[in-house]
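Here is a short briefing on a predicted model. It covers one sheet, the helices beside that sheet, and one further helix.

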Amino acid sequence: MAYVPPHRSRSDRGDSEGGNSEGGNSFGHEGGYQRGGYGSRGGYGNSYGSNYGGGYGSRGGYGRGRGGYGRGRGGYNRRDNEYSSRGSYGRDKCRGTFVDGAQKPGAKDKKVELELFGDPEKEEKSAGGINFDNYDDIPVEVSGEDAPEPIDKFTCPPIEELLMENIELSRFTKPTPVQKYSIPIVGAGRDLMACAQTGSGKTGGFLFPVLSSLFKNGPTPVESDGNIFSKRKVHPMALVLAPTRELAIQNFEEAKKFSYRSWVRPCVVYGGSDFHAQVRNMSRGCDLIVATPGRLNDMLERGCVSLSHIKFLVLDEADRMLDMGFEPQIRNIVEGCDMPGTTERQTLMFSATFPREIQAMARDFLNNYIFLSVGKVGSTSENITQRIMYVEDEDKKSSLLDILSSTDDTLTTGLTLIFVETKRMADILSDFLITQNFPATSIHGDRTQSEREHALELFKSGRSPILVATAVAARGLDIPNVTHVINYDLPGDIDDYVHRIGRTGRAGNTGIATAFFNRGNRNVAKELVQLLTDSKQEIPDFLKNISREGSGRGRGRSRNAPYRDYRRSNGGGYRGGNSYGGDYGGYGNNSGFGGNSGNSGNSGYGGSRYGNGGNGGFGGNKFSSSSSSSNSNSQWW
Ligand SMILES: Nc1ncnc2c1ncn2[C@@H]1O[C@H](COP(=O)(O)OP(=O)(O)OP(=O)(O)O)[C@@H](O)[C@H]1O
């Protein structure tokens, strides 16, 4: 009987234009990738038959050309399909209502619960392998006026009842440190700039208080303007912006989980996927929208979305969202459309890294905010063991093979994520690994969206336990069981390194991060040494020596001071600890910031925009130094 690989037999993926996306790693479990041939790219279309089971001998079979897979609408557009079929139906069936000033939860549905929360019998995940106790004595700093006290349990107010049930279904037993602070801060109606280590639960940090508030307060009615075309326009009350499509999807999945049975219907919009399908889906209800900036701008331009009801604006990976690459798009969304101003909405920014210059820019979007830093901000978790190896460029491939064939289980058990700097290199390396019998696939900005999603799916499911990625996978992605991150090419910006290695060692688990270093990376040597020192890691002698050679700071920033509330820099009496009474000085004027003097004392940042302090400033041009944080967008976006 002809073998039908599982990904082809699944009806929800559709095989429209002659094949699926992404050559079929899916059958790894049958013939095993050792012989079976899996493709890293390109559907197999016609060549599939000869490829499968025939060994892949270089590229022969799997049709590297774009022949096979159904782009866009065809093949594997899972999320679009979901709009029209099962997912939506399932969750819409359970949707609650808001009647007479209170939420009425929808009906429970075991099948939907299984889909959203997994099987509690089978799943060890979630609270199981997680040890957030490791974070209990983590240093926390809160600055800003009248910061509310942290909560200790989810059961404390202000978490809403239904949300609490959904949190329990997720098997989260207590809030992570960042959640302990963010929940009451947002609950008190405050704006927030939050920095916390990778994998420490920031997504819940914004979703919990936002959903809790929406559940309690209900929808804002939409007034008709009499224009029939306006009827199709949606008016979400919360907007979550994310820098990559994959992260937007992930945030949406989390929002779906926690809004189960509530009146809130989340939607996601992102590029590379069918615009009209997204609009159709939104027309069934869109109360919380997760978006990438480009696609949202398109939707705004075409009048499909109004932001006039936004109560919560969230910038996930905020430093990335506000750096040079995205800033104009964000400004258009926040300031150039119909979104309420800073005092009529709450703005929340989350990231593991937050450079000063980006913090300064962020103030335009915030109102009297609280700055929260949990752990050594901009640092890496001590749960991640970092190894820096000296490897010349020409030896990288063989060193990689040594690692991947190692008999040391700690290096090879679980999923391995390999970062390279260019899209071309991602292709070259994944092809190389495939020819060497390693089950690899790749993700980068030149692949179609369906290929990207499929690659991620293969990786997550373990069918392709090796993923070669560009920076597109560096931020935010939460993939359980990534045990090893390899920086085959080190990034030029130390913050990118922090985010990349943060794909392992998440949620209190341990992980390993290996980096290939050579003289070509000397510009990050100093910062790397600082980072390793902060994270209590071993520092090889060659790295110490090179870092002493001078020259170098990369595109990154000095790590002498981990990211802190930049408003404190003028010595206005910051007290640290759990709360901070607003006695930091002012900043400079609109351009620049910092200000050595500031009006320390209580003036804070009122006055003519940000107080009248600040002789110094941080460079007259607000953006003068932000280029340092941009990791060449063109490469992967
Ligand atoms: N209160 C909790 N209890 C148990 N697990 C949690 C809790 N909150 C979050 N998690 C889990 O911890 C993991 C990491 O969370 P999340 O992805 O939000 O981290 P993050 O801080 O946003 O990371 P990054 O900086 O990489 O974006 C996820 O698998 C999430 O389900």
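**Strand pairing and the sheet**

Strand 12 (residues 415-419) and strand 14 (residues 466-469) run parallel, joined by four bridges. Leu 417 has Leu 467 of strand 14 as its bridge partner.

- The open sheet has six strands. Their order is 11-16-15-12-14-13, and the pairing is parallel.
- Strand 11 (384-390) and strand 13 (440-443) form the edges. Each of these two strands pairs on one side only.
- On average, neighbouring strands of the sheet are turned by 20° against each other, direction ignored.

**Helices on the sheet**

- Helix 20 (residues 494-501) packs on the sheet. This helix touches strand 11, strand 12, strand 15 (482-487) and strand 16 (511-517).
- The direction of helix 20 makes about 155° with that of strand 15.
- Helix 22 (residues 541-548) lies across strand 11 and strand 16. Helix 22 runs at about 75° to strand 11.

**Helix 11**

- Helix 11 spans residues 275-282. Six of its eight residues are buried, so helix 11 is largely enclosed by the rest of the structure.
- The buried residues of helix 11 are Phe 275, Ala 277, Gln 278, Val 279, Asn 281 and Met 282. Buried here means under 20% relative accessible area.
- Asp 274 makes a contact at the start of helix 11. One of its side-chain oxygens reaches to within 2.9 Å of the backbone nitrogen of His 276.

Technical notes: Residues numbered from 1 in each chain as written. Predicted model: local features only at pLDDT ≥ 70, side-chain atom pairs only at ≥ 80, totals over all residues. Heavy atoms only, no water. Pairing = 2+ DSSP bridges. Axes fitted to C-alpha atoms, helices over the stretch in contact; angles between N-to-C directions. Contact = heavy atoms within 4.5 Å. Buried < 20%, exposed > 50% of the residue type's maximum accessible area, 1.4 Å probe, protein only. Polar contact = N/O pair within 3.5 Å; in protein donor to acceptor, adjacent residues only side chain to side chain.
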